[in-house]
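Please read these points alongside the sequence and the model. They cover confidence, a few helices and one pair of residues.

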Amino acid sequence: MLQPLDTITSKLLYAKWWKYLAIILLIYTIIAGFLVPVPRLHILNETIRNLYFHVTMWFGMLLTLLLSLIYSIIYLRTNNLKYDIIAEEAVKIAAFFGILGLITGMIWAQYTWGYWWNNDPRQTSAAVAVLIYFAYLILKNSMIDPEKSAKIGAVYNIFAFFAFLSLLYIVPRIADSLHPGSGGNSALGEFDLDSRMRMVFYPAILGWTFLGLWMASIRIRMRFIEEYLRFSENN
Amino acid sequence: MILKETLALLQKELQLEWRQKYALNGLLLYIGSTVFVVYLAFLQIKPTTWVTLLWIILLFTAVNAVAKSFLQERAERQLFYYTLASPQAIILSKMIYNILLLLLIAVLGISIYSLVLGNPVQNYSLFALTVFLGSTGFSLSFTLIAAITAKASNNATLMTVLSFPVIIPLLIMLIRLSKVAVLGVEDLNLNNYLITIIAINVMAFVLSLLLFPYLWRD
C-alpha cells in the first residue's frame, strides 16, 4: 500500500510553473547562446558556445543526482516507497543527461582537440561516472520484490553518489589533462567566466535541470499510477 | 559494547578461517595463477607496466576475496547473528577481517610477483604504505558492496558490476602513487595523492558503517 507524499514534494511534482519556466529558459539559452557575442579564446573560437550546453548539462545532471540522493535518504528514514520511485527516476534522467554530456563533450573535442576520444582523464572519469549509475539501474532491476529493491537501491545510491563526486572532482584536479579546468589550462570557472557568458550560463543550468526534472516527474507520476493500479487489482 | 562484539565476531571469523583455510588457499591459488599467466604473457616488463599489472591483479583478487566472505554464509546463520550482535559490529568485524586477509594475500602475492617478474621498486617504504592503503581501501569499499550483493541476489557477476566503477578513483590514485614509489621520482603531488587516498578510505569506512544497518534490517 503506498503512503502519500509530503506536501512540498507533491506540490512541486504536480505544479506547472517551473515547467513553463524550463521552456522559457531553454528557448532563451538556445537563442542567446547562438546570437550573443562571445569572447574569442585561442583554439576554442566560437565553439566556446558549447559551454552553454555541455557544461550546463553536466551541472543539471549533478543537481538531479543530488536530488536523487536526498530522496534516497528520505526513503531510508520513512520507508515510503514513493520516495524511492522518485530517486530511481531521477537517476534514469541523470544517466540520460550524462550520456548527452559525454556526446556534446565528444563533439567539442573533435573540433578543438582533433579526436572524438582523447584518453583524457576527465573524459574517461566522466564515462565511468555514468557507468556507476548504470550499475545502480542494473541492481534495481535484478530484484523483483519492490521493498527489497528499494532499500538496497537506496543504500547503493548513497554510496555511489560519493564515489561519483570523488571521481568527477578529485581525480581530474590532480591529473594533467587537456580539459579546461585541470592541469595547466585556464578553468572556465567562476572567476574567469565572462559576465556576458554568465548571463546565459546560469539560466541554462536551471533550464536543463528543470527539463530533466520535468521528464522525471512525468515518469514518476506514471509509476505512481501503475503502483496504484497494481495495488487495487490485488485487493 | 560495540567494540567487544566486534572483537568477538572478528575472532570467530579468524578462527573459522584458520581451521579450514578455505578462503586463504583459494585466494593464494587465484593470485598465483594470475601472476603466472601474466608472467607467461609478458616474460619481461618495464617498471610502469609492472605497477599497473600488479594493481589489476590485486584488484581482481580483492573482489574475489571480499565476495567470498559474504556470499558463503547461509541465511539461517545470518539471522542468528542478527539477533545477537549490532549491525555496526558485524560490518566492522567483516571490514577488519577483510583488511587482514587482503594484506596477507597482497604480501604473499607480491612476493610471487617479484620472484617471476622482478622487483623494480626504489622506494620500499612508500610502496609498502601504498599497498597497505590500497588493501584497506579495497576492503572498506568492497565490504559494503558485497553486503549489497549478498542481500540482492547472491550473484558474483553483480558484485563485479557494482564494484568496478566505484573503485576506479581509488585505483587511479593508487597506481599513481605506486608509480612514484617504483620509479623513485620526486613528485610534487605526492602529499595530494596520499591525502586523497586516505580521504577516500575514510569516506568508504564512514558510509559503510552508516548504511549497513539499513541493509541488515530484513
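Which residue follows α3(A), and what sign does its phi have? The residue is Asn79(A), with a positive phi near 60 degrees.

This is a predicted model, in which local features need pLDDT of at least 70 and side-chain atom pairs count only at pLDDT 80 or more, while totals for chains, interfaces and linings use all residues. Residues are numbered from 1 along each chain as its sequence is written, and chains are lettered from A and ligands numbered from 1 in the order in which they are written.

1. Confidence. Chain A has an average pLDDT (the predictor's confidence in each residue, from 0 to 100) of 82, and 86% of its residues score at least 70. Over residues 182-191 of chain A, pLDDT stays under 50. The model has 19 contacts (C-beta atoms, placed from the backbone, within 7 Å) beyond four places in sequence for that stretch. Where pLDDT is low, the predicted coordinates should not be read in detail.

2. Helix α3 of chain A. Helices here are DSSP runs of H or I, at least four residues, numbered from the N terminus. α3(A) covers residues 54-78, and its end C-alpha atoms are 36 Å apart, in agreement with the expected 36 Å. The expected span is 1.5 Å times one less than the number of residues. Of its 25 residues, 19 are buried (20 or more other C-beta atoms within 10 Å; exposed means 12 or fewer, partly exposed in between; C-beta atoms are placed from the backbone), so α3(A) is largely enclosed by the rest of the structure.

3. Helix α5 of chain B. Residues 87-117 form this helix, which reaches 43 Å from first to last C-alpha, close to the 45 Å expected. Gly118(B), just after α5(B), has a positive phi of about 85 degrees.

4. Leu29(B). This residue lies in helix α2 of chain B. Leu29(B) is exposed, because 10 other C-beta atoms lie within 10 Å. Its C-alpha is 9.7 Å from that of Gly109(B), 80 residues away along the chain.

How values were computed. Two residues are in contact if their C-beta atoms, placed from the backbone, lie within 7 Å. Helices (H or I, at least four residues) and strands (E, at least two) are DSSP runs, numbered from the N terminus.
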